[in-house]
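Biologist: I have a structure here that is new to me. Could you take me through the reasoning behind its labels?

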Amino acid sequence: MIEVTDAVRQLVAREKVSNGMVIVYVPHTTAGVAINERIDPELVTDLENAFQRVVGDDWEWRHDDEDGPNAPSHARASLASSPQVLIPLRDGSLALGTYQGVFFCEFDGPRERKIYVTALA
């Protein structure tokens, strides 16, 4: 999990949208985006450990494509994140809670990824 809150803020500031929404979208099936606590970095480690316990690498998986046998990554992305989050904008700022941050969730990498951020007025 990689926190991308500040990068999203910078992109929104360039768009000069005061009130509306921002969508953060990841066009990948083994990655996603989530909103979670950003204050304690140990939470990321805890979440990564939880993802591995909830979806085991050693289970009998059938999926195997050109990227290899990465079914656990698909399952973790489906359970633990979404391809997009929608965040309200208030006076040009992300309307996140005190402890909230935006996280890119990589379940099958590292590899080259894209994140799209679009402000909607």
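Biologist: Which residue in E4 does Met21 stand opposite?

Modeller: Pro88 stands opposite Met21. Keep in mind that this is a predicted model.

Biologist: What makes E2 and E4 a pair of strands?

Modeller: Pairing needs at least two bridges. Six bridges join E2 to E4, so they pair. The two strands run antiparallel.

Biologist: Why are E5 and E7 called edge strands?

Modeller: The open sheet has the order E5-E4-E2-E7, with antiparallel pairing. Strand E5 (93-94) and strand E7 (116-120) each pair on one side only.

Biologist: Which residues have the most contacts inside the largest nonpolar core?

Modeller: They are Val24, Ile87, Leu89, Leu94 and Val102, in a core of 17 residues. Helix H1 (5-15) supplies at least two residues of this core, and so does each of the strands E2 (20-25), E3 (31-37), E4 (84-90) and E6 (100-106). E4 gives the largest share, three residues.

Biologist: What does Leu94 touch?

Modeller: Residues up to four places away in sequence are not counted. Among those touched are Val8, Val12, Val22 and Ile87. Pro88, the residue opposite Met21, is also touched by Leu94.

Biologist: Which residues does the second core include?

Modeller: That separate core has nine residues, including Ala34, Val44, Phe51 and Cys105.

Biologist: How do you know that Phe51 is buried?

Modeller: Buried means under 20% relative accessible area. Phe51 is at 16%, so it counts as buried. Phe107, at 11%, counts as buried too.

Biologist: Why is the pair of Phe51 and Phe107 called edge-to-face?

Modeller: Ring centres must lie within 6.5 Å, and planes over 60 degrees apart count as edge-to-face. Here the centres are 5.4 Å apart and the planes 65 degrees, so the label fits.

Biologist: What does this pair tie together?

Modeller: Phe51 lies in helix H2 (residues 42-54) and Phe107 in the loop between E6 and E7, so the pair ties together parts 56 residues apart in sequence.

Biologist: What makes Trp59 and Trp61 a stacked pair?

Modeller: Stacked needs planes under 30 degrees apart. Theirs are 20 degrees apart, with 5.5 Å centre to centre, so the pair is stacked.

Biologist: Why is Trp59 called partly exposed?

Modeller: Partly exposed lies between the 20% and 50% cut-offs. Trp59 has 45%, so it falls in between. Trp61, at 31%, is partly exposed as well.

Terms used: Residues are numbered from 1 along each chain as its sequence is written. This is a predicted model: local features need pLDDT of at least 70, side-chain atom pairs count only at pLDDT 80 or more; totals for chains, interfaces and linings use all residues. Side-chain values use heavy atoms; hydrogens and water are left out. A nonpolar core is a set of buried Ala, Val, Leu, Ile, Met, Phe, Trp, Tyr and Cys residues joined through side-chain atoms within 4.5 Å. Buried means under 20% relative accessible area, exposed over 50%, partly exposed in between (1.4 Å probe, protein chains only). Helices (H or I, at least four residues) and strands (E, at least two) are DSSP runs, numbered from the N terminus. Contact means heavy atoms within 4.5 Å. Rings of Phe, Tyr and Trp (its six-membered ring) pair if their centres lie within 6.5 Å; planes under 30 degrees apart count as stacked, over 60 as edge-to-face and the rest as tilted.
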